[in-house]
Amino acid sequence: MMATTHVFAGLAVVAPIAYVVPEFAVALAVGAILGGLAPDLDLVFVHRRTFHFPVAGLGVAVPAVGVAVVAPSALTLAVAAFAVAAWLHAASDSIGGGPELDPWNERTERAVYDHVRGRWLRPRRWIRYDGAPEDAALGLALAGPALLVFDGRLPAVIVGGIGVSLLYAVCRRRLVAWTPDWLE
């Protein structure tokens with residue numbers, strides 16, 4: 001899935017909490033945005049293995065949420081939002097295609113690495129590849145709750161993310177042809 005879809009998923013998860021406790025909305029949004037993006041920092045290492053924890057991440061997210069419930073503050077809620085969004089990102093990568101540049105060719109059976117079991121999870125391909133039309137549609141749907149709940153500058157950031165998502169979805173398959181050989 002696109003990075004923006006992962007961000008919108010994190011925002012959708014924290015939107016009901018931000019609605020109930022609006023004084024923490026910014027902290028929740030910042031945590032969710034950063035957590036939705038963070039796993040993909042492993043693009044320069046072994047993508048979907050180095051910073052993706054689809055099973056072990058739950059072991060971090062659950063205690064972080066527990067701490068935020070017991071001792072709610074901007075910091076604890078931001079950390080919990082980050083942990084949940086990062087775990088959700090890693091776990092949801094298994095419903096898409098593989099991490100290769102052209103996942104529509106289905107050349108790999110590796111979606112995301114499970115550090116607990118020491119093996120790769122296979123791609124389910126419910127979302128065929130990042131930037132597929134169904135990925136863009138899911139991203140738009142997930143952005144909805146955040147647009148309804150958050151105010152200030154966040155709606156502009158979300159609308160900007162929607163624009164990036166749609167542009168990427170339109171260009172995605174062409175990007176492989178434009179990629180230098182040394183990146184493949």
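Which residue's side chain meets that of R107 in a salt bridge? In this predicted model, the partner is D102, with an N to O distance of 2.1 Å. The two ends of this contact sit in quite unlike surroundings. R107 counts as exposed, at 59% relative accessibility, whereas D102 is buried, with a relative accessible area of 12%. The cut-offs make the labels easy to follow: D102 is called buried because its value falls under 20%, and R107 is called exposed because its value is over 50%.

The R107 pair is not alone, as a search of the whole structure turns up seven salt bridges. Among the others, a small group gathers around R125. This arginine is found in the loop between strand 2 (119-121) and helix 5 (133-149). R125 has a relative accessible area of 15%, and it is classed as buried because that value is under the 20% limit.

One of the partners of R125 is E109, and the side chains of these two meet in a salt bridge at 3.3 Å, N to O. The pair ties together distant parts of the chain, with E109 in the loop between helix 4 and strand 1, R125 in the loop between strand 2 and helix 5, and their positions 16 residues apart. E109 itself counts as partly exposed, at 47% relative accessibility.

E106 also forms a salt bridge with R125, and here the closest N and O atoms are 3.8 Å apart. This pair, too, links distant parts of the chain: E106 belongs to the loop between helix 4 and strand 1, R125 to the loop between strand 2 and helix 5, and the two are 19 residues apart. Put together, E106, E109 and R125 are linked in a network of salt bridges.

The backbone has something to add about this network. E106, in the loop that runs between helix 4 (74-92) and strand 1 (112-114), has a positive phi of about 50 degrees although it is not a glycine. R125 shows a positive value as well, with phi near 65 degrees, again in a residue other than glycine.

Next come the pockets. The largest pocket holds about 830 Å³ of space. It is lined by 30 residues, and the closest to its centre are L43, H47, P99, E100 and L101. Two elements give two or more residues to this lining, namely helix 1 (3-20) and helix 6 (154-178). Helix 6 provides the largest share, with six residues. As for chemical character, the lining residues divide into 14 nonpolar, seven polar and nine charged.

L43 turns up again on the surface. Together with L41, V44, F45, V46, F51 and F53, L43 forms a nonpolar patch there. The accessible area of these residues adds up to about 720 Å². So L43 has two roles in this description, as a member of the surface patch and as one of the residues closest to the centre of the largest pocket.

Where does V44, another member of the patch, sit along the chain? V44 is found in the loop between helix 2 (25-37) and helix 3 (58-70). Its relative accessible area is 67%, and V44 counts as exposed because that figure is over 50%.

Key. Residues are numbered from 1 along each chain as its sequence is written. This is a predicted model: local features need pLDDT of at least 70, side-chain atom pairs count only at pLDDT 80 or more; totals for chains, interfaces and linings use all residues. Side-chain values use heavy atoms; hydrogens and water are left out. Patches are made of residues with over 30% relative accessible area and no salt bridge: like charges are joined within 9 Å, nonpolar side chains (Val, Leu, Ile, Met, Phe, Trp, Tyr) within 5 Å. Accessible areas come from the Shrake-Rupley method with a 1.4 Å probe; for residues, only the protein chains shown count as cover. A salt bridge is a side-chain nitrogen of Lys or Arg within 4 Å of a carboxyl oxygen of Asp or Glu. Helices (H or I, at least four residues) and strands (E, at least two) are DSSP runs, numbered from the N terminus. Buried means under 20% relative accessible area, exposed over 50%, partly exposed in between (1.4 Å probe, protein chains only). On a 1 Å grid over the protein atoms alone, a cavity is a set of points where a 1.4 Å probe fits but cannot get out, and a pocket is an open set with protein on both sides within 12 Å along at least five of seven lines; lining residues have an atom within 4 Å of a point. Grid points are joined across faces, edges and corners, and a volume is the space filled by probe spheres set on the points. Ala, Val, Leu, Ile, Met, Phe, Trp, Tyr, Cys and Pro count as nonpolar, Asp, Glu, Lys and Arg as charged, and the others, Gly among them, as polar.
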